[in-house]
Amino acid sequence: MPAPAAVTPAMVADMDRNDHLRPFRDAFVVPAGMIYLDGNSLGLLPVTAARRAREVIENEWGGSAISGWNDHHWIDLPHRVGAKIAPLIGAEDDEVVACDSTSANLFKVLAAALSLRPGRRTIVTNRGNFPTDVYIAEGLAAFAGHGCEVRYAEPSGLAAALDDSVAAVSFTHVDYKSCRIEDMAGITAIAHEAGALAVWDLAHSAGAIPVALNAARADFAVGCGYKYLNGGPGAPAFLFAARRHHAQMTQPLTGWMGHATPFTFDHRYQPAPGIRRMLTGTPPVVALSVLEVSAGLMLDAGIEALRDKGRQMTSLMIDLVARECAGHGLELGTPENAEQRGNHVIYRHPEAYAIVQALKARGVVGDFRNPDCIRLGIAPIYLSYADIFDAVQHLREVMNNREYERDSFRVRAAVT
Ligand SMILES: *Cc1c(COP(=O)(O)O)cnc(C)c1O
């Protein structure tokens, strides 16, 4: 087979001209001189989000004080933001709330799954799952006691790990390292056949690729607001519970916001009907207001269009790196088949940490994941094809000049 024609800057400029999502770049604050390949860790700031934060703080909080809960409908924010996220993940409006962190929400939904499967005490997850997902499952098991335990199995070997002690199977839909997309419907079906419930972490899926929770018959899900949804540092997370579980599910963080009538100050806890029983405390109004407009932008762009562009961009990057950076020992750690891949690309290299620092010094911001991963995140809503092309030129220079050998690039910062 003849090698495909080399990609030229003119070809890339053409791709950008034909890109229908191109106007969305102007809806974001892209730092000058920066090629931002880290939208999967912290999305960029939408212009409307900054405006909305100012408006909520100065006008709503400043102008209304406590009346804002009613006058500006602050109390509904968890549901309103949940309803914005729902179409991105294949859920109904009343099945999603925005609240707490992904970690805290995972605790709640795993506990809810246990509550729905009395007599079953095992949670299955994989050792390669994101650390917080493993820690939370272990923490819940230790806290729940009575024989509750975590069992480890890879998604591909799930069937063999199941028996009638398993209450819940908990996997991440798009792996934070390999970027592999798991077969949500297939794995959920295997869990259900064994009588277990399926819990999905959508941290690297929501806003990146279309997710079909209900079509896959998923039971519960959680996900991040600050990654592809661009809700800002520490943005509230979200939680999905399938409607068929609403009447029976319970969770242990029984705060007043999950009470049927919080403002009767009843001394006895009575769970709210519906998804609201998954809430715990007072909603973070400023942060949720920001997430509301940020998630709205993803809806405006359209998740299918974002997926198409993301697929093309990761393919372009992989092709370019193969051509321009050959011989430098950069090993692709991401599925080659674009259908099996989410929106980031991983390269393994023994000098990964220093390479990421050298790229940063050139304005190309990616991240390092222990022990040897260079992770290049591609958020198609604000990146151009020219960004991808230019980023690979920088990577080639870093490798050709061995820039990663500089001592200052080997000093580890607190947050990587
Ligand atoms: C980013 C990420 C998290 C983060 O959880 P927080 O509670 O927001 O810190 C959890 N799970 C996965 C799979 C992630 O990628």
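Two strands are taken to pair if DSSP finds at least two bridges between them, and strands (E, at least two residues) and helices (H or I, at least four residues) are DSSP runs numbered from the N terminus. The structure is a predicted model, in which local features need pLDDT of at least 70 and side-chain atom pairs count only at pLDDT 80 or more, whereas totals for chains, interfaces and linings use all residues. Residues are numbered from 1 along each chain as its sequence is written, and side-chain values use heavy atoms, with hydrogens and water left out.

By these criteria, E331 has R348 in β12 as its bridge partner, and strand β11 (residues 331–332), joined to β12 by two bridges, runs antiparallel to it. Strand β12 also pairs with strand β15 (residues 373–377), in the antiparallel sense and over five bridges, and here H344 has G377 in β15 as its bridge partner. Four of the five residues of β12 (residues 344–348) are buried (under 20% relative accessible area, with a 1.4 Å probe and protein chains only), and the strand is therefore largely enclosed by the rest of the structure.

An open sheet of seven strands, with mixed pairing, follows the order β4-β10-β9-β8-β7-β5-β6. Because β4 (96–99) and β6 (149–152) stand at the edges with a single partner strand each, one side of each is left without a neighbour in the sheet. From one strand to the next, the twist averages 20°. Strand β5 (residues 122–125) pairs with strand β7 (residues 166–172) in the parallel sense over three bridges, and V124 stands opposite V169 in β7.

Two helices that pack on this sheet can be described through their contacts (heavy atoms within 4.5 Å) and through angles that run from 0 to 180 degrees between N-to-C directions, with axes fitted to C-alpha atoms. Helix α4 (residues 77–85) touches β4 and β10 (237–241), and its direction makes about 120° with that of β4. Helix α8 (residues 184–193) touches β7 and β8 (197–201), and its direction makes about 150° with that of β8.

Around the ligand there are 13 residues (each with a heavy atom within 4 Å of it), of which S103, D133, D201, Y226 and K227 come nearest. Among the polar contacts (pairs of N or O atoms within 3.5 Å), an N or O atom in the side chain of D133 is 2.9 Å from a nitrogen atom of the ligand, and a polar side-chain atom of D201 lies 2.8 Å from a ligand nitrogen atom. An oxygen atom of the ligand is 2.6 Å from an N or O atom in the K227 side chain. Taken alone, the ligand exposes 390 Å², of which the protein buries 87%, the areas coming from the Shrake-Rupley method with a 1.4 Å probe.

Terms used: A polar contact is a pair of N or O atoms within 3.5 Å; within protein, one must be able to donate a hydrogen and the other to accept it, and residues adjacent in sequence count only if both atoms are side-chain atoms. Buried means under 20% relative accessible area, exposed over 50%, partly exposed in between (1.4 Å probe, protein chains only).
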